[in-house]
Amino acid sequence: MPTLVIVGAQWGDEGKGKIVDVLTEKADIVARYQGGHNAGHTVVINNSKFVLHLIPSGILHKNTVCIIGNGVVVEPNALIKEITDLKKRGIKVSDNLLISKNAHLIMPYHIALDSASEKTRGKKRIGTTGRGIGPTYVDKMARTGLRVGDLLTPEAFRGKLATNLKNVNFLMKNLYKAPAFSAKKIFDEYMEYARILRKHIADTDVIVNEAIEKKQNLLLEGAQGTLLDVDHGTYPFVTSSSSIAGGACTGLGIGPTRITGVIGIVKAYTTRVGSGPFPTELHDATGEKMREKGGEFGATTGRPRRCGWLDTVILKHSAAINGFSGIVITKLDILDGLDTIKICTSYRYKGKTYKDMPKDIEVLENCTPVYEEVGGWQESTEGITEFGKLPKQAQAYIRKIEELLGIKIVIVSTGQRRDELIMLQEQF
Ligand code: GDP
Ligand code: IMO
Ligand code: MG
């Protein structure tokens, strides 16, 4: 009867999708609690690759109910495309997909505002995915957002849209010198989306809590990662939602007492897409090797991901903020063939040592990482499913991470495919 949160421990793209898919085998419900189609969660089954953006990564198991929670922001056109693409590939997407009435809608003007504000920032841009995520959460907090449930009441929808467009079109004309949005065009477009999505719209908080009462197995799937969290990440170079484990409670309507475990997904090295501090980033051949071998190009935007060594300063912060009950190490195989591997254990800046993550962005941007070096291994770890079969140095690397963080490693992932992993502790 566990209710487990799966959360990214770094800057996203840790391999959450793969792990959620694997654990879904025994889950009744998989629910996304925040973010939107800025996420790209990859699942590889045999030789077929699926990239999920808004739909939970449990969708490839036909008997599991997938929920898009109230904390998610939904671009209906992107969602419909994702549903259509999955169906074309023979995946069941019908009454097994539910969308919260309270989830906010990404509107065309949010996307325009996202790119306009990035342009205004110039060199200081965040490097967003350009999906309208930030402006949609702005409207949510300003209490002017349109929600999925509004799709079901056309006249109310029309009125709210007209009010919002007054402000939006003022900005478009006077600040951004961009064309105005037509209320009629957006209304007609969204009513067509309403027709298609209507059957999926539900009071998902009720469904989730009933499932908990019935002692079912639930997976709560985070998007992005802890360092991209709007409160606890490297602000302002973050996304606009609560990606940490706590976000699962607000983003789905589940009380904290119902959460039974929090699994942190940790890539065996570190990556980041977009701008912002990254103390252990490598600008050399090793970083390039990680990017090439690890296929480190954004699943959503295709942008090359910045790569670097594992950083236990940020991971300790992550562990504290999320309260990890266990950790999954992914992409161990990408480190095969290195002579030595570095693990960052503290930062140095202006003569001071930082063992806890500095909150000051200037320190994070300019600090020098202090590393411990461990031996690499030359053998391939790809596809290994037993811990004892890993090269001794790979075993030592895993144990070293466990020791530095003081948290049990429950799974080690050794390849893209579902079956390429070492299960050290069953989760259900
Ligand atoms: P997510 O956003 O956290 O779900 O991660 P992404 O899907 O954006 O990026 C992770 C990438 O690594 C995907 O291409 C996965 O297929 C791949 N991946 C996940 N685990 C492993 C692993 O253990 N080894 C290798 N080689 N690839 C992996
Ligand atoms: P998954 O779920 C990695 C990054 C963007 C940018 C910042 C803000 O696949 O791990 P946004 O469009 O959210 O306003 O962009 O956040 N970002 C991600 N980076 N993985 C993701 O999702 C991300 N979603 C957003 O690159 O730096
Ligand atoms: Mg991703």
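**Two ligand sites in a predicted model**

A backbone N or O atom of lysine 16 lies 2.8 Å from an oxygen atom of ligand 1. I begin with that contact; please bear in mind that the model is predicted. Glycine 17 also takes part, with a polar backbone atom 2.8 Å from an oxygen atom of ligand 1, and a polar backbone atom of threonine 414 is 3.5 Å from a ligand oxygen atom. On its own, ligand 1 exposes 590 Å², of which the protein buries 95%.

Which residues come nearest to ligand 1? Of the 18 around this ligand, they are Lys16, Gly17, Thr42, Asp333 and Ser413. Two elements, α1 (16–24) and β3 (41–45), each supply at least two residues of the shell, and α1 gives the largest share, three residues. By class, the shell holds seven charged, nine polar and two nonpolar residues. Ligand 1 sits in the second largest pocket.

I turn now to ligand 2. Of the 20 residues around ligand 2, Lys16, His41, Thr129, Gln224 and Thr239 come nearest. A polar side-chain atom of threonine 239 lies 2.6 Å from an oxygen atom of this ligand. From the backbone, a polar atom of glutamine 224 is 2.8 Å from a ligand oxygen atom, and an N or O atom of glycine 127 is 3.4 Å from one. Of the 550 Å² of accessible area that ligand 2 has alone, the protein covers 97%.

The shell around ligand 2 comprises three charged, ten polar and seven nonpolar residues. Where does ligand 2 lie with respect to the domains? Both domain 1 (3–95 + 203–423) and domain 2 (104–200) contribute residues to its shell, so ligand 2 lies between them.

Methods: Residues numbered from 1 in each chain as written. Chains lettered and ligands numbered in written order. Predicted model: local features only at pLDDT ≥ 70, side-chain atom pairs only at ≥ 80, totals over all residues. Heavy atoms only, no water. Near = heavy atom within 4 Å. Polar contact = N/O pair within 3.5 Å; in protein donor to acceptor, adjacent residues only side chain to side chain. Areas by Shrake-Rupley, 256 points an atom, 1.4 Å probe, with all protein chains shown as cover. 1 Å grid on protein atoms, 1.4 Å probe; cavity = no way out; pocket = protein on both sides within 12 Å on 5 of 7 lines; lining within 4 Å. Sits in = over half its atoms within 2 Å of the grid points. Helix = DSSP H or I, 4+ residues; strand = E, 2+ residues; numbered from the N terminus. Nonpolar A, V, L, I, M, F, W, Y, C, P; charged D, E, K, R; others polar. Domains from an automatic or database assignment.
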